[in-house]
Amino acid sequence: MSKIDNKLRTDLEKKFGNRVSFRKSERKLYGHDIAVVPGLIKPVIGQTIPDAVVQPQAENELVEFLRWAAQYGIPITPRGKASSGYGGAIPVRGGIVVDFYRMKAIKHIDPEKKTATVEAGVVWEMLDRELMKQGLTLRLYPSSYPSATVGGWLAQGGAGIGSFEAGWFRDNVISARVVMLSGEVREFSGDDLDLIYAAEGTTGLISEVTLRVQALEEIEVIAIGCPDAHDLQQMVESMIDRKLPIWSLLFINPRMAELKNKAPLLEHFEHPVEERVLLPASYIATLTFRKKDRGTIMDSLPEIMKPCQAELLSDRIAQHEWKNRFKIMLVKRLGPSLVPAEVVIPLSELGNVMAEIEAKVDQPVVKEGLVIREGAKGQPEVVILGFIPSDQRRFSYNFVFVLALTIMNIVEKHGGRPYSTGLYFASKAKNILGEAITARIKDFKKKVDPKSILNPGKVIKGGIIGKAMRFVGAIEPLIRPLGNRVMTHLGERPTKPVRGIPADVVWYAYGCSQCGYCIDECDQFYGRGWESQSPRGKWYWLREYMEGREEWDQFMVDTILVCTTCELCNLRCSASLPIEPSWMKLRGKLIDEDKKMTFPPFEMMAASLTKEGNIWAGYRKHRTKWFPEELWGKHGPSHKAKVAYFAGCTASHVETDIATAAVRLLDAAGVDFTYAGEKENCCGTPMLVAGKWDVFAETMKKNIQAIKEVGADTVVTSCPACDMMWRQIYPRWADKLGINYDITTEHYSEVIAEQVKNGKFQFPDTAKKIKVTLHDSCHIGRVSSVYDAPRDFIRAIPGVELVEMEHNREWAHCCGSVLTLIKEPPVAADIGKARMDEAMETGAEKILAMCPCCEFQFRVTAEKKELSIETVDLARFAASTLGYDFPDPNPEVQRQWAVFEAMIALMTPEGFAALMGTMWPEMIDAMPFGMGKIMRFMGKIPGALNLMKPMFPILIPRLLPLMMPKLMPVMLERVGERIPMPDYMREQMPELMPKVMDNLMPHMIGDVVPLVTQPMIDYLRGA
Ligand SMILES: Cc1cc2nc3c(=O)[nH]c(=O)nc-3n(C[C@H](O)[C@H](O)[C@H](O)COP(=O)(O)OP(=O)(O)OC[C@H]3O[C@@H](n4cnc5c(N)ncnc54)[C@H](O)[C@@H]3O)c2cc1C
Ligand code: SF4
Ligand code: SF4
């Protein structure tokens, strides 16, 4: 039962505005962590779905919030990135999840003292990036560095990369500010840190952490192979005895090496884009040390390695292991699930523990470990993260899960302990945290949170789940044979679609480890800040859908559609999942196959595209107006050439400087090219991403035909989206549709850079000096890896200094355009501003961009956010140095945007309801079967319309299509009054609008009716 009644809900809305969520499908995403709890255990956990999720953005908000929560006794569960798997971030009594996502300021970095003070929600990778700017770096970090938060690691406790030298994270923290349940903010340091370290928020919520960092130095990596765990143990002991100055020591077992060799490679358009580095089937230790210590280490190694039969592995293996150190979940794709078991053991027991696990567990246990030179009680310790591949969808997963407890029992027998308490091992707190510290935390908890409101059921006080785990642990020897007997299949093996989700996407959904690496850099996510908008959230939702606990609604359809297709997630994913391509498949399923509603403005674009070949409702006869007259004979459609310039519709109808400049450059560089002129159509990108694949296919066919007709076999583009179509998408679709396609594609920057390189062209020296930065467009950057050509091109212009933004080339951030701009213009402006701020930080005078849509978006953003930096098209910028002048595209952009913005606002249930509100007399008159008269009559009888009210949701959707022909003229008139359309657009509306209404109304009417019912009744009553 929800603990949040209407009053409390209103309180939260007042406090947090759009930083609180009550949406069930959203809350569900905040009710789990990375672990997959077996079906038999799940029901005893409690109420895992919180009643609300809040996102405080400053400590003072946290103070006020905790006082409020204490007053009403509402359970609180803190959450960093939920990258842990001990259940600490899972609510067990509902209540409120406090998501620290927005508390991520880096408050202070002190290069002298080598300390950093940060808000709890800052992600390790983010912090390290800032430190590096000041010649510093982290002393240690978890291998979940791309996602985990600093506060989360302090609350969870742990060791990680760098721990060989730096020890446990606890030893590297100077102090922490913690908000207590009373609202008091206390600073913890020294011994008092024991009261919050690994206490998982049960004693207070960490708001700020000050930690030690180190000087940034060049590091080196080597990899060593050992035949077995005893040898590995002996080798590491010897390294410690000799005090080798190693910074980090990680290792994997032969099973892990074997699985890594089988794991899928990173793919791009279904082709691997990385080389496989085969690992030997041995224990592989990866050692990292400072370059200055190389001599000491390498000199000692032969003597250390020899008795252990160890061998130095190739540099390629060492670099590969280091580069992929965060990708430990890659092997999950072979499961597609993993049963985890994480433990700490004395180094002196490593060989024995490994041998006993091998003897007792018949399933393949893949292991990754790290060594701490000086662990608890000053002795060397090893942290082992073990995984058993399994399939959570099968009942047998329950039995395999028990084997994790087998491993725990073995470890405890050898003087080890589980890694953490969390939800499952509270009964082992004394062993995990130490007796004295456990007693101190218990005492402290009694004082500061006697009613157990802060993260109940965790760390020291386990609930039923803790008892269940203890019980299963005790009877583990009885269940073990069942777990051992389960047939384990390794390898990716999609079988069949589930509830319409394509088979490969089904597998990926379960293969996702929920590690969260994809979250922070996803622009769909950071524009909004909610888990549902991230790849991780979508995979989890899909699992829920496939298991029948969720259904598609327009919110979720929109959530799939609104991904900007930037493809950054593909590169960040720890499991190398083809994320964006999966969303692309779902677009086809949802819109093309299931006929769900796409974003309404796409319907207007589709109608315009079908009629005139462009999405801007311009006339086809106006498409070529931008083409320089004096070049028409030389490069126009009547000229046959092997190369055709393809302008695309935005450069033809809106930002025409791009197309004009591109042909000027190609001509000046001596390229023989032609142009398809009015036969050219939109490239189709908007239709592809809208899921309107029938319109896309027709458009593509027309474009291929047009290029064939001018005799070309090479298309030169200026727009990256067009480029993506010609270079990547058309060949695949042509193949699918049996169309002969032997067309190659180049971007004009590639063509010009090549001409410059071959000495066939050079830019004149205008004696002007300017500093510029380049915005890499996703659709030519990550999609086709065109990074160097535009840079070479810019550098070929005398006097131009190119400075890079922090995120560039394959890591460049998206501009936030088309899909976001169409769906949520204010979010697009936020995303655009983030990118433009980055550009401004470089000190550049101008942002050079290649994509008409990115430029459109930056211009609109600059206007909205009052940003001073100018965006200039790269071709225009370069062609200007040749002495050409171009009209300023800005006024046309703002004019077109005004139309679009008004159109977007109109094409919503609220927009249509408001439009209807301007035409009640005409609407009533347009009702068929004399219904209008009846309605007017009913309006005169008190209470009659109210009685009819329940019928409106049935009546109106049936009547509306019949009313449309009569209503259309007045509707067009009213639309014209609301939208500042240019004449050519207004002229076409009678043809475009009916198509748009036909496609939209069946989907939208259900949401419109509740909004218009009362206003219509009021009108009929004469109110
Ligand atoms: C691929 C991968 C690699 C990993 N490698 C390591 C590793 O090398 N070493 C390691 O120790 N762990 C590792 N982990 C586990 C996990 O990433 C770490 O425990 C991490 O520190 C958790 O951080 P988080 O921000 O995700 O916290 P969460 O998982 O969200 O939270 C962890 C606990 O802290 C509590 N909490 C979170 N924020 C606060 C706060 N501000 N105040 C109070 N309580 C809070 C939560 O309630 C929860 O109990 C790994 C996980 C993955 C997926
Ligand atoms: S493609 Fe870009 S916007 Fe879409 S999910 Fe991936 S990172 Fe997010
Ligand atoms: S999609 Fe990839 S990066 Fe994102 S949570 Fe899943 S496995 Fe991690």
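**Exercise 1. List the residues around ligand 3 and sort them by class.**

Step 1. Start by collecting the neighbours, where near means that a heavy atom of the residue lies within 4 Å of the molecule. Around ligand 3 these are C512, S513, Q514, C515, G516, Y517, C518, R536, W539, C573, S574 and I579.

Step 2. Now sort them, counting Ala, Val, Leu, Ile, Met, Phe, Trp, Tyr, Cys and Pro as nonpolar, Asp, Glu, Lys and Arg as charged, and the others, Gly among them, as polar. The shell of ligand 3 then has 7 nonpolar, 4 polar and 1 charged residues.

Step 3. Take a second look at Q514: its phi is positive, about 65°, although Q514 is not a glycine. Q514 sits in the loop between helix 16 (503-511) and helix 17; helices (H or I, at least four residues) and strands (E, at least two) are DSSP runs, numbered from the N terminus.

A word on the ground rules: this is a predicted model, in which local features need pLDDT of at least 70 and side-chain atom pairs count only at pLDDT 80 or more, while totals for chains, interfaces and linings use all residues. Residues are numbered from 1 along each chain as its sequence is written, chains are lettered from A and ligands numbered from 1 in the order in which they are written, and side-chain values use heavy atoms, with hydrogens and water left out.

**Exercise 2. Do the same for ligand 2, and find the elements that give two or more residues to its shell.**

Step 1. The residues surrounding ligand 2 are C522, D523, Q524, P535, C563, T564, T565, C566, E567, C569, E580 and W583.

Step 2. Helix 17 (523-526) and helix 21 are the elements that supply two or more residues.

Step 3. By class, the shell of ligand 2 divides into 6 nonpolar, 3 polar and 3 charged residues.

**Exercise 3. Describe how helix 18 packs against helix 21.**

Step 1. Two packed helices are described by the angle between their axes and the distance between the axes. Axes are lines fitted to C-alpha atoms, for helices over the stretch in contact, and angles run from 0 to 180 degrees between N-to-C directions. For helix 18 (residues 535-546) and helix 21 (residues 579-593), the angle is about 50° and the axes are 11 Å apart.

Step 2. Helix 18 is therefore oblique to helix 21, given that angles under 35 degrees count as roughly parallel, over 145 as roughly antiparallel, 65 to 115 as roughly perpendicular and the rest as oblique.

Step 3. Their crossing is left-handed; a crossing is left-handed if the near helix is turned anticlockwise from the far one by less than a right angle, and right-handed if clockwise.

Step 4. For contact (heavy atoms within 4.5 Å), P535, K538, W539 and L542 of helix 18 meet I579, S582, W583 and L586 of helix 21. These contact residues divide into 6 nonpolar, 1 polar and 1 charged.

Step 5. Connect this with the ligands: W539 and I579 also belong to the residues around ligand 3, while P535 and W583 are among those surrounding ligand 2.

**Exercise 4. Describe how helix 41 packs with helix 40 and with helix 35.**

Step 1. Helix 40 (residues 952-978) and helix 41 (residues 983-1020) pack at about 130°, with axes 8 Å apart. The two are therefore oblique, and the crossing is right-handed. Their contact comprises 21 nonpolar, 2 polar and 1 charged residues.

Step 2. With helix 35 (residues 890-906), the angle to helix 41 is about 30° and the axes are 14 Å apart. Helix 35 and helix 41 are therefore roughly parallel, and this crossing is right-handed.

Step 3. On the helix 35 side, E892, Q896, V899, M903 and L906 meet Y984, M985, M989 and M993 of helix 41. By class, that contact has 7 nonpolar, 1 polar and 1 charged residues.

**Exercise 5. Work out the strand order of the sheet that includes strand 22, then place helix 28.**

Step 1. Two strands pair if DSSP finds at least two bridges between them. The sheet is open, with 4 strands in the order 22-21-23-24 and parallel pairing.

Step 2. Strand 22 (673-675) and strand 24 (744-747) are the edges, each pairing on one side only. From one strand to the next the twist averages 35°.

Step 3. Strand 21 (residues 643-646) and strand 22 run parallel, joined by 3 bridges; Y645 has Y675 in strand 22 as its bridge partner.

Step 4. Helix 28 (residues 720-737) packs on this sheet, touching strand 21, strand 23 (714-717) and strand 24, and its direction makes about 155° with that of strand 24.
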